[in-house]
Amino acid sequence: MMKSSMKMGVLVLIGVFVVLYQYHLSTGIRFDQINDFNTGGSAEDTPVLSQEEVESYVRSSKFTEEMIRNAVRRVQETNGLSPDVTASLYQELVNHLNKNILELPVNNSKFLRSSTPTTPVQQHPLVSNETWEPLYIITPTYRRPEQIPELTRMSHTLMLVRNVHWLVIEDANIATKQVTRLLERTGLTFDHLTAPMPEKYKLKKGAKPRGVSNRNRGLQWIRANATSGIFYFADDDNTYDITLFDEIRKTKRVSMFPVGLCTKFGLSSPIIKNGKFVGFYDGWIAGRKFPVDMAGFAVSVKFLLQRPNATMPFKAGYEEDGFLKSLAPLEPKDIEFLADNCTKVLAWHTQTKKNEPSASLDLNLYGETNLVNLKQQIV
């Protein structure tokens, strides 16, 4: 029996193409013309359209994508479609619309069919095609059984974000091959870097400043390679609503927003009263000027470049506070509060349970089986 969400998807699909048909009729461009272009016929068989007809077709395509986006959003809101179904439905409709992208070559009035991209195109399911400033995601990571599953989950979130550059930085001397292979498969723009924790901190008793060398390496990369955009420290064991990345793009200097599942309070957030900032809510204030979680703020690249000495300290528990203070002059009153004035949780410290390392494979028993290949995929 067809699920209700699938039924709704079919209804939307039918409705969209009915409207698309009506709109193309109104533009004067026949579907048989468009179909002829998409069949891959010879140049002699290809209909010739005027520039006006070309522009009309392009306008209709953009109109239809906007229509699809709004229709899917309404269906999601009124019928409770899951984000996965919503994204899949939108992408399927747009794929049908843009199955064969048509280009008009210079000095040739006939259309030629463009080749299919060899790498995945980053698509955000519910936003338009405007040009976005780059968004740099700095993710510290380290070798452990959960590493690949957590990076896989995060990569599938980032695939829905436009113009994102993922800086995955391992606490290691040599990059993990499984991580590199994963990143290459995603189709995302990325840099896979290494930045091991200095030995003196590894030998230190008590809490260790984990991820600091990774994040400072990310800041170093941004200073050397970026001139605009926003960067965000995103750990691989968190969960992110894709709406968060739209919010982050609003950052002009430094922005903040709530993070769920933090400390015994279950929440870390700026406190907003009557529309004004009045303090911070966090399970561990500890005299910090900025008692916030690492996933609770984003920074403009230009703002960082104006502060060449900004860095994250190797001080466990004070990494966020130390970094934000190094961005001086910066006061809590200067912060931009996102996520509907800090009323929505769009990032969570979900984490995963710690797993034991994978047991060694007995090659005498299994040396010529599929288990050899499978073990190589598990760290």
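## What covers helix α6

Let's start with the packing around one helix of this predicted model. Among the elements that cover the buried residues of α6 are α5, β4 and β5. Those buried residues are Q178, V179, L182, L183 and T186. They all sit on the same side of α6, because they span an arc of only 135° around its axis. A general point helps here: an α-helix has 3.6 residues a turn, so positions three or four apart point the same way.

Turn to the other side of α6 and you meet K177, E184 and R185, which are exposed. Just after the helix comes G187, with a positive phi near 80°.

## Strand β4, enclosed

How many of the seven residues of β4 are buried? Seven of the seven, across residues 164–170, so the strand is largely enclosed by the rest of the structure. V164, W166, V168 and E170 point one way, while H165, L167 and I169 point the other way. That fits a familiar pattern: in a regular strand, side chains alternate between the two faces of the sheet.

## Neighbours on the sheet

β4 pairs in the parallel sense with β3 (residues 135–141) over seven bridges. Within that pairing, Y136 has H165 of β4 as its bridge partner. To get from β3 to β4, the chain passes through α5 (residues 147–158) in a right-handed β-α-β crossover.

β4 also pairs with β5 (residues 189–194), again in the parallel sense, over six bridges. Here E170 has T194 of β5 as its bridge partner. The helix we began with returns at this point: β4, α6 (residues 177–186) and β5 form a right-handed β-α-β unit.

How values were computed:
Residues numbered from 1 in each chain as written. Predicted model: local features only at pLDDT ≥ 70, side-chain atom pairs only at ≥ 80, totals over all residues. Heavy atoms only, no water. Buried < 20%, exposed > 50% of the residue type's maximum accessible area, 1.4 Å probe, protein only. Helix = DSSP H or I, 4+ residues; strand = E, 2+ residues; numbered from the N terminus. Pairing = 2+ DSSP bridges. Right-handed = clockwise from strand over helix to strand, strands pointing away. Arc of directions from axis to C-beta. Contact = heavy atoms within 4.5 Å.
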